[in-house]
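Visitor: Could you take me through one part of this structure at close range? I'd like to see how a single strand sits among its neighbours, and then a little of what lies beyond.

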Amino acid sequence: MLTSLPRSDTPSKTGSGNDPLRIVLSGYYGYNNLGDEAILAALVQQLRALAPDAELLALSGNPADTRARLGIEAVNRLDVPAIWRTLRRSDLFVSGGGSLLQDVTGLGSVPYYLGLVGLAQFLGVRTMVLGQGVGPLNLPTSRMLVGSTLRRVDAVTVRDQSSRELLARCGVPIDRVGLTADPVLAMEPASPERVEALRARLGLLDGQPTIAVAIRPWHTWFERQLKAFSAVLAQHAAAWNAQILLLPFHRPDDELLAGELRNCLETRPDAHRPHVVTLEEPVEPELMLGLISRVDLMIGMRLHALIMAAAVAVPALALVYDPKVEAFADRAGFPSVESVTALEASNEVSSLLDRLWEHRAGLRLELQAKRDEWRALALSNAETAIALARTAHAHHA
């Protein structure tokens, strides 16, 4: 939470009409979570396409890494004086995307992210909540803070209908909440040449189907679930003559679980031992998107593994651990396993995979038919942001 802020009786933005647009981006950036880094990379792509001369700055847990990877300015997300100075010379403060406004992973998220919005509003900076997935908000205090703060922002967009309905219950007029899509659905992938080079480094076999798997640690993962899941996965890979690609999205946590899954897969009997590859090198989101575009099936627990699969029309099975995963699976038309615990029901999981594999060609066509709509919705986030920034900039000129 932001505390002990300096007080200004006459907040103002400095600069002239000849200055570039200045937009501050806030999210869970700089923590090696590829999903959140993909959101930032997508936003940077899309904002630059609309306003090439705009000055973009991110609040990051690792400003040096953010600067090096994206070529934008960055300040430490906990450095209140630096944030204050940055906001005073900015046209727009953007909160999102991602799952920022929730009180499940910790009690600090809601006051921190809303504190930043409130600071920007205090300084007279336009504010936007962009493409967020809101909730769960279990505490009455969280719902009250979200409602009172978001009623005062200049624009609110969310990535799913359940978030829109939750904001309405928090007191945000529903007609002020736009339903768009996650920015990653409109992200441009890395070049085919870079993707092929990565596939070669990983040792993926050409001409053999690929099943990608992106799981994450969760408190309901136990040995019996992992063993049951690995057995079903190995049996289907053998039946389909498919290789398995393990994709850690958040390092090092996902790497540890991927390692356990790989050990289970590689200790199967010879007839059921698939070729298994783990993505061990960190890659930027655009390259991950390109790599996923070359797989035949995604099994995703990580939300942005599913979002990337949808973006490149790859059929997927969702492993639900959070309402945001279920919400996106429903929107994309992906079948889902209701929980990690449900992986123990091997026959049901096996049936889901069989149906998904049998109908994958048709599902790919359905996803391709939805891509233009999703892309337009995702891009509308950046279009709204640029319009707000330009209006604010003209006012200050």
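Guide: Let's begin with a bit of vocabulary: a crossover counts as right-handed if, with the strands pointing away from you, the path from the first strand over the helix to the second runs clockwise. Keep in mind as well that this is a predicted model.

With that in hand, look at strand β6, residues 155-158. β6, helix α6 (residues 161-169) and β7 make up a right-handed β-α-β unit. β6 also takes part in another such unit: β5, helix α5 (residues 140-150) and β6 are again arranged as a right-handed β-α-β.

Now for the pairing itself. Strands of a sheet pair through backbone hydrogen bonds, either parallel or antiparallel. Strand β5 (residues 126-132) runs parallel to β6, and three bridges join the two. Here Val129 sits opposite Val156 of β6. With strand β7 (residues 177-179), β6 pairs in the parallel sense too, over three bridges. In that pairing, Thr157 has Gly178 of β7 as its bridge partner.

What about the side chains? In a regular strand they alternate between the two faces of the sheet. For β6, Ala155 and Thr157 are on one side, Val156 and Val158 are on the other, and all of them are buried, so both faces of the strand are covered, buried meaning under 20% relative accessible area. Val156, the residue facing Val129 in the β5 pairing, is thus one of the buried ones.

Moving on along the chain, there's an open sheet of six strands, with parallel pairing and the order β10-β9-β8-β11-β12-β13. Its edges are β10 (276-278) and β13 (336-337); each has a single partner strand, so one side of each is left without a neighbour in the sheet. Elsewhere in that order, β11 (residues 297-300) and β12 (residues 316-319) run parallel and are joined by three bridges, with Gly300 opposite Ala318 of β12. Helix α9 (residues 253-266) lies across β8 (210-214), β9 (243-246) and β10, and runs at about 165° to β10.

Finally, a helix pair. Two packed helices are described by the angle between their axes and the distance between the axes. For α3 (residues 80-88) and α4 (residues 109-122), the axes come within 10 Å and cross at roughly 45°, which makes α3 oblique to α4. Their crossing is right-handed. As for the contacts, Ile83, Trp84 and Leu87 of α3 meet Leu116, Leu119, Ala120 and Phe122 of α4.

Definitions and conventions
Residues numbered from 1 in each chain as written. Predicted model: local features only at pLDDT ≥ 70, side-chain atom pairs only at ≥ 80, totals over all residues. Heavy atoms only, no water. Buried < 20%, exposed > 50% of the residue type's maximum accessible area, 1.4 Å probe, protein only. Helix = DSSP H or I, 4+ residues; strand = E, 2+ residues; numbered from the N terminus. Pairing = 2+ DSSP bridges. Contact = heavy atoms within 4.5 Å. Axes fitted to C-alpha atoms, helices over the stretch in contact; angles between N-to-C directions. Parallel < 35°, antiparallel > 145°, perpendicular 65-115°, else oblique. Left-handed = near helix turned anticlockwise from the far one by under 90°.
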